[in-house]
Amino acid sequence: MTATAEHAGRPAPQRGTLSPEPYRVTGRRIEGADVVTLALEPHHGRPPAFAHGQFNMLTAFGVGEVAISISSAPGAPGPIEHSVRDVGAVTHALCRTPIGATVGVRGPFGTHWDVDGIEEGADVVVVAGGIGLAPLRGAIRDLVDRRRAGGGRLFVLAGMRSPDQILFAEDLEEWRRSGAYVTVTVDVGAPGWHGPVGVVTTQLPDTPFDSTRCAALACGPEIMMRFAARALVDRGVDPRRIRVSLERNMQCGVGLCGHCQLGPLLLCRDGPVVPYGGIAERLFMEHQR
Amino acid sequence: MTETIHEILSAHRFLAVLPEGTIELAAACAPPETFEAGRLLLREGDVADTLHLIHRGRVSIEIHGPGHCRHIIDTVGPGHTVGLSWAAPPFRCQFDARALEPVAAVAVDSECLRARLGKNPAVGYALLERLVSVLIGRLQAARVRLLDLYGNDSDR
Amino acid sequence: MMEVGDVAVFEREGLELLIGTLRSMGYRTIGPVVRDGAIVHGEVSGAEDLPVGWHDHQEPGRYRMEQGEGPELFGWAVGPASWKSEFFTPEETVWRASITGEQVTLSEPDDTTGPVAIIGARPCEVSALAVLDRVLAEGAHPDDRYSARRDGAFVVAVECGAPASTCFCPSMGTGPSARAAFDLALTELIDDGHRFHVQVGSAAGAAVLAQVPHRATEESDRSARQEVLSGAEARMGRSLDTGDLPGLLARNLEHPRWEEVAERCLSCGNCTLVCPTCFCSDVTDVTDVTDVTDVTGTVERQRRWASCFDLDHSYMNGGPVRPTTASRYRQWLTHKLSTWWDQFDESGCVGCGRCITWCPVGIDLTEEAAAIRAADGAVGSGKRRVS
């Protein structure tokens, strides 16, 4: 059965600010740990261009709308991907959306990881916690490609809950095969697991990156990003070269509703990707902000 | 009734097994302090330069995150210590410490303490041994808590 | 035909013609009217609908009106209602979708309210609309429905002659004279006679004024207007020291005053309701489907006024980021007077004083800011040195 969405009242493409574009679910993959990756294609035309770290507002019709990072590679042909973690009514509905169904998409919004801004010869350290690996996926793939030809090394430190809840395990393995330094640390081990157990930040002192010529990207629970950024700075990384992805309650995604404020920032507009030095560093320490 | 610093420290479990002279050393670096319920003794990110010897009231060790507000990791009561990060670089508090009820403590200034211990290595060694024993106890407890023994078996 | 910046004078009867002209052009003429003991906004078909002879008395947590014998139409300051509700409406359906199985049909309801002409917006309110425009209409993603209503509006500003004790527009640079974008700005002059000094603010304003008999201003008119304005400025009820105010608040996030004001604040959100620049809204999808796995029915996306004082405003990961009244009050005040600068390059406050009048416990943000300034750098708990 074909799914269509028509738009009456105003001529498309001049949509209202809060009106979503209809997209069809063309693929879904259960990642484990309550995470489902949806592949989406627009009913009409191609998805708009986006950059690593940006997000879309996804509408589960009949339930609501939520901000989800885009985890596929910009410019690649085919569908865009979003990895959704089932934590509430809207994400629950998205995770259950079958292939062929229609969801709404608005975006892309927000700031990006600025992979282009990292010079070729610099090492890049990526610290990801849990579902935080999803917004970094596209950037990591890009960095793997860029560093195939030489230049600085790529280090991916992923922290997961347990060995049976490792998200994107195939990607991690592929990146390791392509020459990136990849470690996966779990909070709690299990029989058969021989990898590191503990907090992912404890890997940093042993990771052989050149801190004097290095950029870092961190994404995950805020406490994890806070500790990871500090550990990176202790290792000698310039705080302004560390970027984190901040999160707050998001409703409109376009700087109109006021919910995503974090101090001087409107995260849908001035974030979610934000430099640590001078900005996130201070915001992390301001309680109840 | 006001106890002197000397009396408080003499009675405090942390220093009890230490050699003669430790009390005097600590007392020289240790003003008394009180905290109302809800006040912070330590704040994550601050310079770690104090060892608090609690002799009345309980303190929670916490970490804050948005939405969940505060995770209470541990509680510390009379006879125990708050503050470990003063003992090693980067000398920065890793957690918040908050008084759960009115707290009376002795605040041992760690820079002052380290300077005096430098001149009394035997006492210094004994103090660090004592500290390590506290650390081992807390680490082992933390590891066992990671097992989440009371969680549902279906979660494994 | 007059031009932007030109001034003139017309007699009181001219106001009738002004309103009539706007109505014949198809505008809904909305202005201040007295209802339920307050100045609210309602349909104004003639000058008699305006608050003739009324005065207001405002103090922290107190608002009273009384009617005198005089002919003045604008002898009051401001009421609880602000003009934001005409353009940034309290609630609005932004789209509807009908769902049948996998088919989704989306439509955007047309705005049927029609163009509005405001008869009597205070200079602080006109500034407030400009502040709201910068947030809702001039960003990278303007609110299309708000923009359409603002574009179609006609604004007749009325300068202030009778400020309330809670007013402080001179501190914020927003009054008592009209500054920001208006079509016409009036100053009511009552000495021997009853006339209006009028400034032309736009070509549309000039076109409407052309329909009203008017004459050139004389020295007596200009000085009478100046007297009204300087009298208003002198009688202004309070002031806000704005010297490095954004920086002051940004470096005092741990100030003990936040806990102190939290003991008085009810977190009721009245201040955000009456504030002419508060723009927070909830965006929710409302549905009549009962089983979303077999989706059949209609969905509406509604935008509705919200307040940062709502406990759930900052809800994330299982709880609010700002669970205490102190943190929510701090958010409101620092946003209004400090981080609004970071976000929108100007102050969010226009000095209208409504939040002071309509706070049930009379919290005065000028007093709160002054208290923090008086103890700049004070900290509540323990020592505070960040490495």
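These legends accompany close-up views of a predicted model with chains A, B and C.

**View 1. Confidence across the predicted model.**
Let's begin with how far the predictor trusts its own work: the model scores ipTM 0.92 and pTM 0.91. Chain A averages a pLDDT of 91, and 95% of its residues score at least 70. Chain C averages a pLDDT of 93, with 96% of its residues scoring at least 70. Please read two stretches with care. Over residues 1-13 of chain A the pLDDT stays under 50, and the model has 28 contacts beyond four places in sequence for that stretch. Residues 382-387 of chain C also stay under 50, and for them the model has 16 contacts beyond four places in sequence.

**View 2. The fold of chain A.**
Chain A contains 6 helices and 15 strands. Its radius of gyration is 19 Å, close to the 19 Å that the globule rule gives for 289 residues, so chain A is as compact as a globular protein of that length. Measuring along the principal axes is easy to picture: the C-alpha trace of chain A spans about 60 × 45 × 40 Å. Of the 289 residues in this chain, 54% count as buried. Many contacts link distant parts of the sequence: among those in chain A between residues at least 6 apart, 70% join residues at least 24 apart.

**View 3. Where the two domains of chain A meet.**
Chain A is divided into domain 1, residues 21-109, and domain 2, residues 115-285. The centres of these domains of chain A, taken over C-alpha atoms, are separated by 22 Å. Each side brings its share to the contact, with 20 residues from domain 1 of chain A and 20 residues from domain 2 of chain A. On the domain 1 side, at least two residues each come from β2 (21-32), β4 (55-60), β5 (64-69), β6 (80-85) and β7 (102-109) of chain A. The largest share of that side, 3 residues, belongs to β7(A). By class, the domain 1 side of this contact in chain A holds 9 nonpolar, 8 polar and 3 charged residues.

**View 4. Where the two domains of chain C meet.**
In chain C, the domain assignment gives domain 1 as 7-90 + 111-234 and domain 2 as 245-283 + 306-374. The C-alpha centres of these two domains of chain C lie 27 Å apart. Across the boundary, 28 residues of domain 1 of chain C are in contact with 23 residues of domain 2 of chain C. β5 (62-67), α3 (123-136) and α5 (169-172) of chain C each supply at least two residues of the domain 1 side. Which element gives the most to this side of domain 1 of chain C? That is α3(C), with 9 residues. The domain 1 side of this contact in chain C has 17 nonpolar, 7 polar and 4 charged residues.

**View 5. Chain C against chain A.**
Here 49 residues of chain C are in contact with 41 residues of chain A. Elements giving two or more residues to the chain C side include β6 (91-100), β7 (103-107), α4 (144-151), β13 (296-305) and α11 (325-344) of chain C. The element that gives the most to this side is β12(C), with 6 residues. Residues on the chain C side divide into 21 nonpolar, 16 polar and 12 charged.

**View 6. Chain A against chain B.**
In this view, 7 residues of chain A are in contact with 7 residues of chain B. Helix α4 (residues 222-234) of chain A provides the largest share of the chain A side, 3 residues. The chain A side consists of 4 nonpolar, 1 polar and 2 charged residues.

**View 7. Inside the nonpolar cores.**
The largest nonpolar core has 187 residues, of which Val126(A), Val156(A), Ala216(A), Ala218(A) and Ala157(C) touch the most other members. Its largest share, 8 residues, comes from α3(C). Take a closer look at Ala157(C): leaving aside neighbours within four places in sequence, Ala157(C) is in contact with Ala121(C), Pro123(C), Val126(C), Ala178(C), Phe182(C), Ala185(C) and Leu186(C). A second, separate core of 33 residues includes Ala26(B), Leu51(B), Val59(B) and Leu127(B).

Terms used: Residues numbered from 1 in each chain as written. Chains lettered and ligands numbered in written order. Predicted model: local features only at pLDDT ≥ 70, side-chain atom pairs only at ≥ 80, totals over all residues. Helix = DSSP H or I, 4+ residues; strand = E, 2+ residues; numbered from the N terminus. Nonpolar A, V, L, I, M, F, W, Y, C, P; charged D, E, K, R; others polar. Domains from an automatic or database assignment. pLDDT = per-residue confidence, 0-100. Core = buried A, V, L, I, M, F, W, Y, C linked by C-beta atoms within 7 Å. Buried ≥ 20, exposed ≤ 12 C-beta atoms within 10 Å, placed from the backbone. Rg over C-alpha atoms; globule rule 2.2 N^0.38 Å.
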